[in-house]
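Let's take a walk through this model together, starting with its charged pairs and moving on to the places where helices meet. Keep the structure open beside you as you read.

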Amino acid sequence: MSEQREIPCLGKTVLKFGNLSINARRNHDSKHKPFPAKLVLDLPCVPPLLLTNRVALDCEMVGVGIDGKEHMLARVSVVNEHGAVLVDCYVKPQQIVKDYRTRISGVSPELIEAGFEFAAVQALVKKLIYGRVLVGHALKNDLAVLKLGHHKYNIRDTSRYKPITKKVYAHGTPSLKSLAKHFLKLDIQEGTHDSVEDARAAMKIYLLFEKSWEKSVQQSRKY
């Protein structure tokens, strides 16, 4: 069986996915025992045509640790190169949350408590991105909370590609918001962040520079 047919689909939107997890939890046990990760693997497969060679990833995080400054995964979104959603879900907390960062993340206790188990979501995302070009903004942070690695030659980070960053004249690392405004004429992150919207924006920016970016990657691999 090919890898594509082994990848389950977690639903088209975070609302549908959240409702599924909440309803399944209620039906599973009225005492709210841990949600069975097996249900994730029982969902229908992603249609192979949706699995493009390039995918974009974005995560929303909450604060953990003594002062709430450490990051923990709360929501993860993966879209294909056309912007179609492959994964968009909330993730159950692995630690006590000190700061939900709701004003920015849009995450509430109810949303992540009704989310899916981290291990199941991590395994799914790992399968989706394996062997594919991974697009995103500040991907180091997203991969860190997912506890995943990715081959450096398959990473396309819009926060680090110099031909992009130079054009916005940012002091330090430019925000995705500023890049989307400059290159796409889009206003994003006007309030709470939407990880689907952010992943789509990163993909669109990458595609604007795809030809020169891929050429530079090929040249760097020669040495």
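**Charged pairs and helix contacts**

Glu214 and Arg156 join their side chains in a salt bridge, with N and O 2.7 Å apart. Glu214 belongs to helix 11 (residues 210-220) and Arg156 to strand 5 (residues 155-157), so this pair ties together parts that lie 58 residues apart in sequence. Arg156 has a relative accessibility of 2%, which means that it counts as buried. Salt bridges with shared partners also connect Arg54, Glu81 and Glu210 into one network. Please bear in mind that you are looking at a predicted model.

How many salt bridges does the structure hold? There are seven. As background, side chains of opposite charge can pair when their charged atoms come close. A good one to visit next is the salt bridge between Asp88 and Arg75, whose closest N and O atoms are 3.0 Å apart. Asp88 sits in strand 3 (residues 85-90) and Arg75 in strand 2 (residues 70-80), so the pair ties together parts that are 13 residues apart in sequence. Both Asp88 and Arg75 are buried.

Arg75 has another partner: it forms a salt bridge with Asp194, and here the closest N and O atoms are 3.3 Å apart. This pair links distant parts of the chain, 119 residues apart, with Arg75 in strand 2 and Asp194 in the loop between helix 9 (176-184) and helix 10. Is each of these two residues buried or partly exposed? Arg75 has 7% relative accessibility and therefore counts as buried, the cut-off being under 20%. Asp194, at 29%, counts as partly exposed because its value lies between that cut-off and 50%.

From Asp194, follow the chain into helix 10 (residues 195-208), where you will find Asp198. Asp198 is buried yet has no salt bridge. Which side chain of opposite charge is nearest to Asp198, and how far away is it? It is Arg75, the residue you have just visited, at 8.4 Å. A salt bridge needs a nitrogen and a carboxyl oxygen within 4 Å. Leaving out residues up to four places away in sequence, Asp198 touches Asp58, Glu60, Leu176, Ile188, Gln189 and His193.

One of those contacts, Leu176, makes a good next stop. Leu176 lies in helix 9, and at 5% relative accessibility it counts as buried. Which residues surround Leu176, once its neighbours within four places in sequence are set aside? Leu176 is in contact with His137, Thr158, Ile188, Gln189, Asp198, Ala201, Ala202 and Ile205. Ile188 and Gln189 thus appear in the contact lists of both Asp198 and Leu176. His137 is 39 residues from Leu176 along the chain, and the C-alpha atoms of the two are separated by 6.5 Å.

Now go back to helix 10 and look at how it meets helix 11. The axes of helix 10 and helix 11 come within 5 Å and cross at roughly 75°. The two helices are therefore roughly perpendicular to each other. Helix 10 contributes Tyr206, Leu207 and Leu208 to the contact, and helix 11 contributes Glu210, Trp213 and Glu214. By class, the residues of this contact are four nonpolar, no polar and two charged. Among them are two residues from the opening of this walk: Glu214, the partner of Arg156, and Glu210, a member of the network with Arg54 and Glu81.

Another pair of helices to look at is helix 6 (residues 118-129) and helix 7 (residues 139-146), whose axes come within 10 Å and cross at roughly 135°. That angle makes helix 6 oblique to helix 7. Phe118, Gln122, Val125 and Ile129 in helix 6 meet Leu143, Val145 and Leu146 in helix 7. This contact has six nonpolar, one polar and no charged residues.

Finish with the backbone. Lys147, in the loop between helix 7 and strand 5, has a positive phi of about 60° although it is not a glycine. Lys147 is exposed, with a relative accessible area of 56%. Arg101 also has a positive phi, near 55°, and is likewise a residue other than glycine. You will find Arg101 in the loop between strand 3 and helix 4 (102-105).

How values were computed: Residues are numbered from 1 along each chain as its sequence is written. This is a predicted model: local features need pLDDT of at least 70, side-chain atom pairs count only at pLDDT 80 or more; totals for chains, interfaces and linings use all residues. Side-chain values use heavy atoms; hydrogens and water are left out. Axes are lines fitted to C-alpha atoms, for helices over the stretch in contact, and angles run from 0 to 180 degrees between N-to-C directions. Helices (H or I, at least four residues) and strands (E, at least two) are DSSP runs, numbered from the N terminus. Angles under 35 degrees count as roughly parallel, over 145 as roughly antiparallel, 65 to 115 as roughly perpendicular and the rest as oblique. Contact means heavy atoms within 4.5 Å. Ala, Val, Leu, Ile, Met, Phe, Trp, Tyr, Cys and Pro count as nonpolar, Asp, Glu, Lys and Arg as charged, and the others, Gly among them, as polar. Buried means under 20% relative accessible area, exposed over 50%, partly exposed in between (1.4 Å probe, protein chains only). Lys and Arg count as positive and Asp and Glu as negative; His and the chain ends are not counted.
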